[in-house]
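Please look over the chain shown below before reading the exchange that follows.

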Amino acid sequence: MPGSIQGSIEIPGSKSIFQRVALMTMFNNGSDVKINNCSLCEDDLATIAFLIESGLQVFVLKNNVYIAKGKTLKYPKQINVKESGLLARFLSAILLLDEKEHLITGIGTIFKRDMSFVKDSIEAIDCNIRTNGRIPFSVKGPLKAGNYFLDGSKSSQFISGLILALTQVEGRSTIYTKNLKSRPYLNLTIELLRDFGAKINHNDLEKIDIDGKVDLKVNDYDVEGDWSSATNIITAALISGEVEIKGLDKNSIQADKIILDLLDKMNIKYEIENSFKIQKQDYQGFEFDATHTPDLLPILTVLALNAKSESKIKGISRLEIKETNRKDVLIKEYQKLGIEIFEEDDSFVIKPQKIKGGNVNSYSDHRIAMCFSVAALAAENSISIQDSQAVMKSYPSFYYHLEELGATIVE
């Protein structure tokens with residue numbers, strides 16, 4: 001509902017980092033690992049379930065996850081990734097380490113997501129996949145070292161999973177990429193693997209050399225606060241209050257930390273030392289290219305609507321293979337609130353507009369649900385969001401945090 005917010009919150013850990021680190025523990029050198037500050041969102045829990053089914057011993061205490069290597073690592077014949085696109089795409093590569101066939105399935109929105117590029121990628125590395133371009137699909141190895149040419153125009157997640165898998169096969173491999181999108185996420189995978197002892201070199205991510213048969217040395221790990229989740233609270237503060245966000249690393253290599261570059265470009269005042277502090281202020285419209293950070297795009301529409309001049313957000317084609325076709329959903333659902341968003345080439349053009357309020361559907365998409373929840377803070381009337389529980393996928397404490405900051409949430 002409309003209103004102002006004020007206070008301090010601790011942002012949850014990054015699911016993007018947790019999922020990567022947790023999967024890397026499968027190839028650890030045998031020592032136990034404690035991963036701290038986990039959000040335990042639905043995507044985290046799906047990853048934990050896979051580790052347990054694969055023979056690892058996993059214990060969860062508060063927001064910490066303890067992982068002990070089981071006697072034998074054995075991938076299950078069928079894996080339910082729930083609604084985690086990252087897990088599905090990473091596992092489609094990792095499971096190629098086995099010569100047996102494995103079925104990847106899920107629930108809910110995952111069945112609507114385009115996986116045709118996974119098929120193209122697996123066939124390009126001479127492995128086997130049975131699919132109609134969507135989940136469920138079956139994959140079968142064995143994966144071998146080699147020189148591979150992959151298109152990264154739809155997603156970098158399969159390439160990330162392949163790099164991880166190739167650290168476990170005999171020999172040296174090289175991946176040549178073209179049309180690569182979401183570059184910061186691929187870089188995050190590589191930097192984590194290097195931290196754990198993998199030998200990987202690359203030339204601007206276009207030629208990536210990987211040494212195989214490496215025992216990873218995953219140490220106890222503190223997961224950074226999630227910049228993707230934080231962008232929602234940052235926007236909420238800018239349009240409706242004053243907030244301190246704890247747990248963010250200003251030196252993070254997370255993709256969505258690029259929000260700081262945008263704030264600087266917009267001359268937004270904020271502080272970031274031991275915590276991140278920001279408050280409501282007037283600002284002009286902006287131009288931003290979200291090609292490599294598509295998860296930012298929904299919440300940036302809220303930022304644009306509350307600006308003092310027109311904004312242009314590039315990269316909207318990247319929204320078409322998310323939990324929903326976010327491009328079409330944003331246009332359609334904003335219309336229900338009296339808002340017009342215009343398409344121009346691969347961009348949204350958004351003029352400042354006052355949201356009237358009304359009823360919208362998130363289509364079970366966590367980022368759409370958060371986007372409209374934040375938009376409601378500056379609306380003339382309340383916004384009712386169908387399937388608002390979708391936020392559990394990435395930010396389980398989202399509505400609790402909004403209430404803690406003074407927002408009115410009516411179930």
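A trainee and a mentor now discuss this structure in questions and answers.

Trainee: What kind of model is this, and how are the residues numbered?
Mentor: This is a predicted model, in which local features need pLDDT of at least 70 and side-chain atom pairs count only at pLDDT 80 or more, while totals for chains, interfaces and linings use all residues. Side-chain values use heavy atoms, with hydrogens and water left out, and residues are numbered along each chain as its sequence is written, from 1.

Trainee: In which order do the four strands of the open sheet stand?
Mentor: Strands of a sheet pair through backbone hydrogen bonds, either parallel or antiparallel. Here a strand is a DSSP run (E, at least two residues; helices are H or I, at least four), numbered from the N terminus, and two strands pair if DSSP finds at least two bridges between them. The pairing in this open sheet is mixed, and the order is E17-E18-E20-E19.

Trainee: Why is one side of strand E17 and of strand E19 left without a neighbour in the sheet?
Mentor: Strand E17 covers 287-289 and strand E19 covers 342-344. Both stand at the edges of the sheet, so one side of each lacks a neighbour, because each has a single partner strand.

Trainee: In which sense do strands E18 and E20 pair, and which residue stands opposite Ile313?
Mentor: Strand E18 spans residues 311-314 and strand E20 spans residues 347-350. The two pair over four bridges, and the sense is antiparallel. Opposite Ile313, in E20, stands Phe348.

Trainee: Which residue of strand E18 forms a salt bridge with Glu344?
Mentor: Side chains of opposite charge can pair when their charged atoms come close. A salt bridge is a side-chain nitrogen of Lys or Arg within 4 Å of a carboxyl oxygen of Asp or Glu. Glu344 in strand E19 is linked with a residue in strand E18, 32 residues apart. With the closest N and O atoms 3.2 Å apart, the partner is Lys312.

Trainee: How many salt bridges does the structure hold, and which residue meets Lys15 in one of them?
Mentor: The structure holds 19 salt bridges. In one of them, the N to O distance from Lys15 to its partner is 3.1 Å, and that partner is Asp43. Lys15 lies in helix H1 (residues 15-24) and its partner in helix H2 (residues 42-53), so the bridge ties together parts 28 residues apart in sequence. The residue asked for is Asp43.

Trainee: Are Lys15 and Asp43 buried or exposed?
Mentor: Buried means under 20% relative accessible area, exposed over 50%, and partly exposed in between (1.4 Å probe, protein chains only). Lys15 has a relative accessibility of 13%, and Asp43 has a relative accessible area of 2%. Lys15 therefore counts as buried, and Asp43 is likewise buried.

Trainee: Which residue forms a salt bridge with Asp114?
Mentor: Asp114 lies in the loop between strand E6 (102-105) and helix H4 (116-124), and its partner in the loop between E9 and helix H5 (157-166), so the pair ties together parts 40 residues apart in sequence. Asp114 is buried at 18% relative accessibility, whereas the partner is partly exposed at 35%. The closest N and O atoms are 3.7 Å apart, and the partner is Lys154.

Trainee: Which residues does a cis peptide bond join to Pro136 and to Pro142?
Mentor: Most residues other than glycine have a negative phi, and most peptide bonds are trans. Pro136 is in the loop between strand E7 (128-130) and strand E8 (137-140), and Pro142 is in the loop between E8 and strand E9 (147-151). With omega about 5°, the residue joined to Pro136 is Ile135; with omega about 15°, the residue joined to Pro142 is Gly141.

Trainee: What is the phi of Lys82, and what is the phi of Lys213?
Mentor: Lys82 lies in the loop between strand E5 (78-80) and helix H3 (85-94) and is partly exposed at 38%. Lys213 is found in the loop between strand E12 (207-211) and strand E13 (221-222) and is exposed at 55%. Phi is positive in Lys82, near 55°, and positive in Lys213, near 55°.
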